[in-house]
Amino acid sequence: MNNFIFENSTKVAFGKGCVKEFLGGKVQEYGNNIMLAYGGSSIKKNGIYDAVMKILAEAGKDVAEIAGVMSNPTIHKLREGIAIARKHGADFILAVGGGS
């Protein structure tokens, strides 16, 4: 194996109101094409989906979605996400929900 350096910088925001507080500013740091990844329908039932979509629209972002992303996704779900991201030219993947 060749020597290499791998860096994985991940930021996770937790807590009530963090979507409204942080998301608008964070998405400005990236391009206009965002892929929104989420699991089941809980984010639609609890209002987070609508809040996120409103913030992204106000920020002028173009959003593609992949729903039904499960814990430990299957290779089929992974390939589905890759295809959506490539087709959309995603600059950023935003994972939202309890398992994100």
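This passage walks through the overall layout of a predicted model, then turns to helix α3, the nonpolar core and a lysine in helix α4.

Starting with the big picture, the protein chain holds 4 helices and 3 strands. Read from the N terminus, these elements come in the order α-β-α-α-β-α-β. Along the principal axes, the C-alpha atoms fit a box of roughly 45 × 30 × 25 Å. Of the 100 residues in the chain, 25% are buried. The chain exposes about 7300 Å², with carbon and sulfur atoms supplying 54% of that area. As for contacts with a separation of 6 or more, 76% of them link residues 24 or more positions apart.

Helix α3, spanning residues 48–58, has two faces worth a look. Its buried residues are Tyr49, Ala51, Val52, Ile55 and Leu56. These cover an arc of only 165° around the axis, which puts them on the same side of α3. Over on the other side, Asp50, Lys54, Ala57 and Glu58 are exposed. What do the buried residues of α3 pack against? Their partners are helices α1 (18–27) and α2 (42–45), along with strands β1 (33–37), β2 (62–66) and β3 (92–95). Just past the end of α3, Gly60 adopts a positive phi of about 75°.

The same helix turns up again in the nonpolar interior. The largest nonpolar core is made of 14 residues, and Val27, Leu36, Val52 and Leu94 have the most contacts inside it. Two or more residues of this core come from each of α1, β1, α3 and β3. Helix α3 gives the largest share, 4 residues. Val52, one of the buried residues of α3, shows how this part of the chain is connected. Setting aside residues up to four places away in sequence, Val52 touches Val19, Leu23, Leu36, Leu94 and Val96. Two of the residues with the most contacts inside the core, Leu36 and Leu94, are thus among the residues that Val52 touches.

A charged-type side chain would be easy to skip over, but Lys77 deserves a mention. Lys77 sits in helix α4, which runs over residues 75–88. Is Lys77 buried or exposed? With a relative accessible area of 13%, Lys77 counts as buried, because the cut-off for that label is under 20%. The side chain of Lys77 reaches the backbone oxygen of Ala67 at 2.8 Å. Beyond its neighbours within four places in sequence, Lys77 is in contact with Ile66, Ala67, Gly68, Val69 and Met70.

Note on methods. Residues are numbered from 1 along each chain as its sequence is written. This is a predicted model: local features need pLDDT of at least 70, side-chain atom pairs count only at pLDDT 80 or more; totals for chains, interfaces and linings use all residues. Side-chain values use heavy atoms; hydrogens and water are left out. Buried means under 20% relative accessible area, exposed over 50%, partly exposed in between (1.4 Å probe, protein chains only). The arc is that of the directions from the helix axis to the C-beta atoms. Contact means heavy atoms within 4.5 Å. A nonpolar core is a set of buried Ala, Val, Leu, Ile, Met, Phe, Trp, Tyr and Cys residues joined through side-chain atoms within 4.5 Å. A polar contact is a pair of N or O atoms within 3.5 Å; within protein, one must be able to donate a hydrogen and the other to accept it, and residues adjacent in sequence count only if both atoms are side-chain atoms. Accessible areas come from the Shrake-Rupley method with a 1.4 Å probe; for residues, only the protein chains shown count as cover.
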